[in-house]
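Grab a coffee and work through a few exercises on the structure below. Try each task yourself before you read the solution.

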Amino acid sequence: MSKARLLGRGLTLAVCLWLVLPLHTAWAQGPFERHVAEAVRLYEDLEYEQALAVLESAGTVARGPDEEATLGLYKGIISADLGRWDAARARFRAALQLKPDARLPLKVSPKVSREFESQRAKVQAELTRKRKVAQSRPVIPVPEPVTPVEPSLEPPPPTETPVAEVARPDLVPSSSEAAAEAEVAASRKRRVPVVSLVLLGAGVAAGGVGTVFGLSSRSQLEDARLAPQERQLEDLHGKAQSSATTANILFGTAGLAAAGAVVTWLLMGDSEAPVAQEGAR
């Protein structure tokens with residue numbers, strides 16, 4: 001019975017961490033990640049100019065070549081969607097020079113993908129040429145200085161013979177003490193309350209439904225970009241915003257349910273009854 005309760009406890013903690021950690025990660029984002037997330041949201045809402053403005057602001061807080069390359073990839077995608085192909089090629093090329101194995105972070109049209117791969121081929125050819133030039137230059141080895149070793153006149157230190165430790169009989173726990181410690185450890189185990197299991201199930205269900213609405217919102221936005229008429233674009237865009245709002249509410253509900261499950265488990269989980277232990281004997 002104790003193994004089953006221990007397994008239920010571990011499963012409860014794993015699911016709670018799976019639900020709560022993504023929310024904690026979103027709260028712990030830095031300024032660069034927040035700017036990029038806002039730019040992606042505007043891009044998905046077809047607000048391309050505003051997305052570029054937010055990415056320009058993100059450039060002031062970017063740190064390191066990886067963040068600079070990410071910024072260039074997003075700018076290149078948006079510039080290509082605006083029909084500014086010269087700017088898109090330049091930004092793709094700059095990003096690949098910083099990170100040659102970079103991949104496009106968003107789903108793009110085949111034309112944009114072909115242009116990106118074309119710039120990758122050019123950058124790789126340039127890097128290969130530079131590598132061959134560097135290898136063709138002769139390398140003159142520099143001899144390392146040799147330090148003479150003076151012989152030591154001191155006798156080697158005497159080696160100590162290790163003394164085997166003798167086990168003291170008074171330090172070995174008796175069988176009765178071991179049994180008492182096992183009983184104390186068993187009495188500290190907590191049972192998973194029913195309320196925690198109900199909250200955990202509600203959180204998992206809310207998270208699953210929220211995922212379905214989130215995927216539906218993304219699909220509707222993709223359909224809106226390909227809509228041939230303005231009326232269809234507005235209709236699909238409104239449905240996508242509604243689905244995204246519902247998904248965010250469900251994700252918040254899932255996080256609260258998971259937190260409630262952890263709190264009730266910590267507060268209401270009681271130890272095994274001593275009477276049950278006596279009966280098991």
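**Exercise 1.** Does D86 count as buried or exposed, going by its relative accessibility?

*Solution.* Keep in mind that this is a predicted model. Start with the cut-off: a residue counts as exposed over 50% relative accessible area, and as buried under 20%. D86 comes in at 63%, so D86 counts as exposed.

**Exercise 2.** Find the salt-bridge partner of D86, then see where that partner leads.

*Solution.* Step one: D86 forms a salt bridge with R89, and the closest N and O atoms are 3.2 Å apart. Step two: look at the spacing. Both residues sit in helix α5, three residues apart, so about one helical turn separates them. Step three: check the cover on the partner. R89 has 29% relative accessibility, which makes this arginine partly exposed.

Step four: R89 has another contact to follow. Its side chain also meets that of E115 in a salt bridge, at 2.8 Å from N to O. This pair links distant parts of the chain, since R89 is in helix α5 while E115 is in helix α6 (residues 110-136), 26 residues apart. Step five: E115 has a relative accessibility of 17%, so E115 counts as buried.

**Exercise 3.** What does the salt bridge between E49 and R84 tie together?

*Solution.* First, the distance: the closest N and O atoms of E49 and R84 are 2.5 Å apart. Next, place each end. E49 belongs to helix α3 (residues 48-58), whereas R84 is in the loop between α4 (64-81) and α5 (85-98), so the bridge ties together parts that are 35 residues apart in sequence. Then compare the accessibility classes. E49 is partly exposed at 45%, and R84 is also partly exposed, at 38%.

For the wider tally, a search of the whole structure turns up eleven salt bridges. Shared partners can build networks too: E38, R41 and D45 are joined into one in this way.

**Exercise 4.** Which residues line the second largest cavity, and how do they split by class?

*Solution.* Begin with the count: the whole structure has two cavities of 30 Å³ or more. The second largest has a volume of about 30 Å³. Its lining is made of A39, V40, Y43, L55, Y74, I78 and L106. Two elements, α2 (31-44) and α4, each give two or more residues to that lining. Of these, α2 gives the most, with three residues. Now sort by class: seven lining residues are nonpolar, with no polar and no charged ones.

**Exercise 5.** Do the same for the second largest pocket: how much space lies in it, and what lines it?

*Solution.* The space comes to about 270 Å³. Around it you'll find Y43, Y48, D81, K107, V108, S109, P110, E222, R225 and L226. Sorting this lining by class gives five nonpolar, one polar and four charged residues. Y43 is a residue to mark on your picture: Y43 lines this pocket, and Y43 is also part of the second largest cavity's lining.

**Exercise 6.** Which helix gives the largest share of the nonpolar patch?

*Solution.* List the members first: V195, V263, L266, L267 and M268 make a nonpolar surface patch of about 480 Å². Then match them to elements. Helix α9 (residues 230-268) supplies the largest share, four residues. Take M268 as an example: M268 lies in helix α9, and at 46% relative accessibility M268 counts as partly exposed.

How values were computed
Residues are numbered from 1 along each chain as its sequence is written. This is a predicted model: local features need pLDDT of at least 70, side-chain atom pairs count only at pLDDT 80 or more; totals for chains, interfaces and linings use all residues. Side-chain values use heavy atoms; hydrogens and water are left out. A salt bridge is a side-chain nitrogen of Lys or Arg within 4 Å of a carboxyl oxygen of Asp or Glu. Buried means under 20% relative accessible area, exposed over 50%, partly exposed in between (1.4 Å probe, protein chains only). On a 1 Å grid over the protein atoms alone, a cavity is a set of points where a 1.4 Å probe fits but cannot get out, and a pocket is an open set with protein on both sides within 12 Å along at least five of seven lines; lining residues have an atom within 4 Å of a point. Grid points are joined across faces, edges and corners, and a volume is the space filled by probe spheres set on the points. Ala, Val, Leu, Ile, Met, Phe, Trp, Tyr, Cys and Pro count as nonpolar, Asp, Glu, Lys and Arg as charged, and the others, Gly among them, as polar. Patches are made of residues with over 30% relative accessible area and no salt bridge: like charges are joined within 9 Å, nonpolar side chains (Val, Leu, Ile, Met, Phe, Trp, Tyr) within 5 Å. Accessible areas come from the Shrake-Rupley method with a 1.4 Å probe; for residues, only the protein chains shown count as cover.
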